[in-house]
Amino acid sequence: MSAERARITVFDTTLRDGEQSPGCSMNQQEKLRLAHQLDRLGVDVIEAGFPIASDGDFEAVKAIAAVVRRPIIAALARASRPDIERAWEALQGAARPRIHVFLATSDIHLQYKLRISREQCLTLARESITFAKSLCDDVEFSPEDATRTDPDFLCRVLDAVVEAGATTLNIPDTVGYTIPQEYAELITTIRRRVKGIENVVISAHCHNDLGMAAANTLAAVEAGARQVECTINGVGERAGNASLEEIVMAMRVRPDKFAYETGVVGDQIFAASQMLSEITGVPVQPNKAITGRNAFAHEAGIHQDGYLKNPLTYEIMTPQSVGVPDSKLVLGKHSGRHALSIRCEQLGYQFDRRALDDIYRRFVRLADKIKKVEDHHLLELIRDTHKPSGSATPLIEPMVTAKAAVGSVPAHEVSPEPVAEPTKPFPVGPQTNAFGVPVSSDSQHEQTQQEDYLWGV
Ligand code: KIV
Ligand code: ZN
């Protein structure tokens with residue numbers, strides 16, 4: 001990484017704006033699981049929720065703040081005292097808390113939604129930021145519908161909140177209306193006119209109603225924004241938010257045009273995408289850039305020919321760079337536990353030996369029936385193997401806790417069906433080695449290795 005590359009803060013709002021997407025609501029356990037994956041992904045800020053919106057949201061923010069310690073945890077609040085107090089209460093356990101206050105500033109929102117004047121808006125913005133700042137050092141302000149706000153008025157509001165202590169100014173294109181050049185000009189205007197702007201971070205927050213969210217975000221970065229707000233798979237209100245993977249990979253694939261760097265761990269992108277899709281049940285659009293199942297598929301003969309001669313003929317990034325599993329690793333009835341556990345990890349799951357054995361037994365039975373086990377079959381199988389009895393809700397623990405949690409699922413909850421043992425080349429079991437000879441517990445490790453060898457895992 002070269003010294004002149006500016007560092008861009010990645011603010012992930014999958015758990016807040018993303019969750020506002022139809023069909024994308026998540027319970028606390030699911031949010032926690034995703035928050036751990038966002039941590040592994042290396043995002044700088046996780047917007048964990050909108051605590052005043054519901055008790056569930058409050059508890060989820062609180063739970064995430066308590067255990068996810070590296071990234072900043074942000075909580076959203078309207079420009080009102082009870083909202084800000086509730087957000088702050090939820091953030092009490094956070095290592096690095098941020099209060100994010102928003103207030104609409106466009107005339108259409110002031111007139112029809114809030115029914116307040118511009119002067120009232122200005123006062124509310126100033127007072128709410130002063131109050132948030134009295135609680136928390138890290139305060140972000142968002143003038144909702146900024147891109148349809150009169151720029152003179154917008155700059156007055158931003159002047160006021162910077163003076164009141166805001167540390168990040170987020171400029172939302174709430175309705176996905178702007179275009180790259182116009183959005184860049186707005187950022188430039190703000191940088192030129194707002195007093196004290198050199199002491200705060202400007203942030204881009206774009207919606208995708210015209211399919212330009214990622215392009216608009218990148219244009220803002222070029223104009224001086226240093227934080228990008230985005231979601232996994234681009235989920236979010238209506239047509240969604242700017243997609244994290246598209247913004248990050250545009251910077252990585254075109255460093256000649258975008259001299260910026262982020263802390264995102266590329267090979268965790270696909271696992272995050274799959275996990276979100278599995279949790280919400282909302283599939284990733286097949287042609288979705290970076291994370292869609294066709295993003296690295298080549299169907300046409302000419303393309304296949306070129307690709308086989310040199311993948312760079314038709315691929316501008318490697319599947320591995322974003323964590324897409326190696327397609328040469330086909331999972332079928334001859335596959336062993338090693339391949340299975342690698343694919344599980346690529347899909348966002350890490351199991352201990354016992355849990356993997358459960359999955360493996362079912363996997364072999366399935367592979368016998370359907371020949372090739374695809375990722376969606378495997379995800380279903382994982383969900384099925386670990387769902388609590390009598391519940392249709394998937395119960396999959398976050399990766400970091402999966403080892404303990406999955407291992408402790410009571411036997412009666414694992415599977416009501418009798419499970420057939422896969423055929424083994426030698427009689428192996430917990431008390432015998434691969435050759436059927438009894439072993440002491442000290443030699444269990446050695447036995448496992450022999451078993452792995454014999455099973456081809
Ligand atoms: O799109 C928007 O305006 C928002 C704000 C709450 C930041 O999501
Ligand atoms: Zn938004």
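The shell around ligand 1 in this predicted model breaks down into 5 polar, 2 charged and 2 nonpolar residues. Its members are Asp17, Phe102, Ser142, Glu144, Asn170, Pro172, Thr174, His205 and His207. Two strands chip in with at least two shell residues each, namely E6 (139–144) and E7 (168–173).

Right after strand E6 comes a backbone oddity. Asp145 sits in the loop that links E6 to helix H6 (151–164), and its phi is positive, at about 60°, even though Asp145 isn't a glycine. Asp145 also counts as buried, because 22 C-beta neighbours fall inside 10 Å and the cut-off for burial is 20 or more. A second case turns up at Asn233, another non-glycine residue with a positive phi, here near 60°. Asn233 belongs to the loop between strand E9 (227–230) and helix H9 (244–253). With 29 other C-beta atoms within 10 Å, Asn233 is buried too.

Helix H12 (residues 337–346) is worth a look of its own. Its buried residues are Arg337, Leu340, Ser341 and Cys344. These four span an arc of only 95° around the axis, so they end up on the same side of H12. Just past the end of H12, Gly348 adopts a positive phi of about 100°.

What does H12 pack against? A pair of packed helices is described by the angle between the axes and the distance between them. For H12 and helix H13 (residues 353–370), the axes come within 10 Å and cross at roughly 110°. That crossing makes H12 roughly perpendicular to H13, since angles of 65 to 115 degrees fall in that class. On the H12 side, the contact is made by Arg337, Leu340 and Ser341, while H13 brings in Leu356, Ile359, Tyr360 and Phe363. By class, the residues of this contact come out as 5 nonpolar, 1 polar and 1 charged. Arg337, Leu340 and Ser341 thus appear both in the H12–H13 contact and among the buried residues of H12.

Zooming out, the protein chain has 17 helices and 10 strands. Of its 457 residues, 45% are buried. As for how the chain folds back on itself, 71% of the contacts between residues at least 6 apart in sequence join residues at least 24 apart.

How values were computed: Residues numbered from 1 in each chain as written. Chains lettered and ligands numbered in written order. Predicted model: local features only at pLDDT ≥ 70, side-chain atom pairs only at ≥ 80, totals over all residues. Buried ≥ 20, exposed ≤ 12 C-beta atoms within 10 Å, placed from the backbone. Contact = placed C-beta atoms within 7 Å. Near = placed C-beta within 6 Å. Nonpolar A, V, L, I, M, F, W, Y, C, P; charged D, E, K, R; others polar. Arc of directions from axis to C-beta. Axes fitted to C-alpha atoms, helices over the stretch in contact; angles between N-to-C directions. Parallel < 35°, antiparallel > 145°, perpendicular 65-115°, else oblique.
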